[in-house]
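Reader: I have a structure open on my screen and would like to walk through it with you. Could we go over how its parts meet?

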Amino acid sequence: MHARCGLCTGTPTRAGCGLCTGNVKPEQVIASAPSDKNLQKFKEAGMQTTHDNFSVVKNCTVLFLAVKPAILPGVLESISQFVTPEHLVISVAAGITVETLENCLPVDSRVVRMMPNLPCVVQQGTIVFCRGTNSKEQDAALLKSLLSSLGVCEETPESYIDIHTGVSGSGVAYVYMFAEALADGAVKMGMPFELSKKLVAHTLMGAAKMIMETGEHPAKLKSDVCTPGGTTIHGLYALEKGNLRSTVMSAVEAATNRARELGKR
């Protein structure tokens with residue numbers, strides 16, 4: 001890729017640090033942050049660093065705005081006068097809508113809103129994005145080429161992005177909580193924690209792989225594990241008594257609604 005990639009960030013999340021893995025060499029990336037502490041990970045990865053957002057905009061045509069939602073308006077204000085139609089501005093701020101981004105930038109700005117999740121760090125992430133009014137199919141193709149090495153990257157309607165935050169962004173934490181509970185259950189029954197943790201991790205990985213590779217509905221795969229009067233159906237009954245499904249659905253709803261609230265601030 002000939003164009004440089006810029007990353008304006010208040011706090012470099014681990015997911016943010018991997019956004020340009022793949023088609024762009026580290027030396028082609030310029031990262032901007034308020035302090036040297038925030039830039040350390042980028043320096044260690046071989047990227048150029050600066051404290052000046054203008055320097056990023058001046059030298060890059062692809063701009064990733066990887067900041068907290070509350071910080072984004074200030075970042076947009078600082079760069080707005082320097083953004084041209086040659087720039088592709090990509091926001092990674094939770095809840096901030098395309099409309100808000102376009103209102104803070106020149107009228108002809110090419111804007112994309114995207115949301116990754118933490119497993120991008122290990123190239124098993126999920127990323128969704130939507131294009132703004134002036135963004136073109138070539139912009140979507142460019143973004144996919146930059147991010148596809150991090151996992152699944154899909155263009156969706158903007159209304160899906162907050163849902164993705166509730167499902168895949170926050171959902172990683174739900175899975176970790178479930179994994180911890182599974183491992184603790186094994187410990188309760190007499191298994192050492194390190195072994196139970198390893199078994200749980202491979203159980204989750206194997207279950208996920210079967211969903212992806214078989215194409216079957218999760219309910220069908222669940223039924224395939226059950227035998228009449230067997231261990232699994234007894235375990236599932238205990239989960240049903242604890243309202244696992246409705247609790248998880250409520251968690252997705254709560255996280256999605258919170259993401260929408262952030263966009264209204």
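Reader: At roughly what angle do the axes of α7 and α12 cross, and is α7 oblique or perpendicular to α12?

Author: Bear in mind that this is a predicted model. In it, the axes of α7 and α12 come within 7 Å and cross at roughly 130°. Angles from 65 to 115 degrees would count as roughly perpendicular, and those over 145 as roughly antiparallel. The crossing falls in neither range, so α7 is oblique to α12.

Reader: Thanks! Which residues of α12 make the contact with α7?

Author: Happy to list them. α7 passes α12 in a right-handed crossing. From α7, the contact draws on Ser159, Asp162, Ile163, Thr165, Gly166 and Val167. Their partners on α12 are Val252, Ala255, Thr256, Ala259 and Arg260.

Reader: Which elements do the buried residues of α7 pack against?

Author: Let's start with the helix itself, which spans residues 159-169. Its buried residues are Ile161, Asp162, His164, Thr165, Gly166 and Ser168. They pack against two strands and two helices: β6 (110-115), β7 (125-131), α8 (171-188) and α12 (244-263).

Reader: Asp162 has come up twice now. Which residues are linked with Asp162 in a network of salt bridges?

Author: A good place to begin is the pair Glu158 and Arg113, whose side chains meet in a salt bridge at 3.0 Å, N to O. This pair links distant parts of the chain, 45 residues apart, with Glu158 in the loop between β8 (151-155) and α7 and Arg113 in strand β6. Asp162 belongs to a network of salt bridges with Arg113 and Glu158.

Reader: Is Arg113 buried or exposed, and what about Glu158?

Author: The cut-off for buried is under 20% relative accessible area. Arg113 has 2% relative accessibility, so Arg113 counts as buried. Glu158 has a relative accessible area of 28%, which means that Glu158 is partly exposed.

Reader: How many salt bridges does a search of the whole structure find, and how far apart in the chain are Arg131 and Glu155?

Author: The search finds 10 salt bridges. In one of them, the side chains of Arg131 and Glu155 meet at 2.6 Å, N to O. Both residues are partly exposed, with Arg131 at 29% relative accessibility and Glu155 at 33%. Arg131 sits in strand β7 and Glu155 in strand β8, and the two are 24 residues apart.

Reader: And the pair Glu240 and Arg245: which residue is exposed, and which is partly exposed?

Author: The side chains of Glu240 and Arg245 meet in a salt bridge of 2.6 Å, N to O. Exposed calls for over 50% relative accessible area. Arg245 has 53%, so Arg245 is exposed. Glu240 has 38%, which makes Glu240 partly exposed.

Reader: Moving on to α8, where does α9 come in, and which residues of α9 make the contact?

Author: Helix α9 covers residues 193-214, and its axis comes within 9 Å of that of α8, crossing at roughly 135°. That angle makes α8 oblique to α9, and the crossing is right-handed. α8 contributes Val175, Phe178, Ala179, Leu182, Ala183, Asp184, Ala186 and Val187, while α9 contributes Phe193, Ser196, Lys197, Val200 and Leu204.

Reader: Why do the buried residues of α2 lie on the same side, and which residues are on the face turned away?

Author: In helix α2 (residues 36-44), Asn38, Leu39 and Phe42 are buried. They cover an arc of only 80° around the axis, so they lie on the same side of α2. In general, an α-helix has 3.6 residues a turn, so residues three or four places apart point the same way. The face turned away from the buried side of α2 carries the exposed residues Lys37 and Glu44.

Reader: Last one: which residues other than glycine have a positive phi, and where do they lie?

Author: Most residues other than glycine have a negative phi. Gln123, in the loop between β6 and β7, has a positive phi of about 60° without being a glycine. Asn243, in the loop between α11 (231-241) and α12, is another non-glycine with a positive phi, near 60°. Both count as partly exposed, at 36% relative accessibility for Gln123 and 45% for Asn243.

Key:
Residues numbered from 1 in each chain as written. Predicted model: local features only at pLDDT ≥ 70, side-chain atom pairs only at ≥ 80, totals over all residues. Heavy atoms only, no water. Buried < 20%, exposed > 50% of the residue type's maximum accessible area, 1.4 Å probe, protein only. Helix = DSSP H or I, 4+ residues; strand = E, 2+ residues; numbered from the N terminus. Contact = heavy atoms within 4.5 Å. Arc of directions from axis to C-beta. Salt bridge = Lys/Arg side-chain N within 4 Å of Asp/Glu carboxyl O. Axes fitted to C-alpha atoms, helices over the stretch in contact; angles between N-to-C directions. Parallel < 35°, antiparallel > 145°, perpendicular 65-115°, else oblique. Left-handed = near helix turned anticlockwise from the far one by under 90°.
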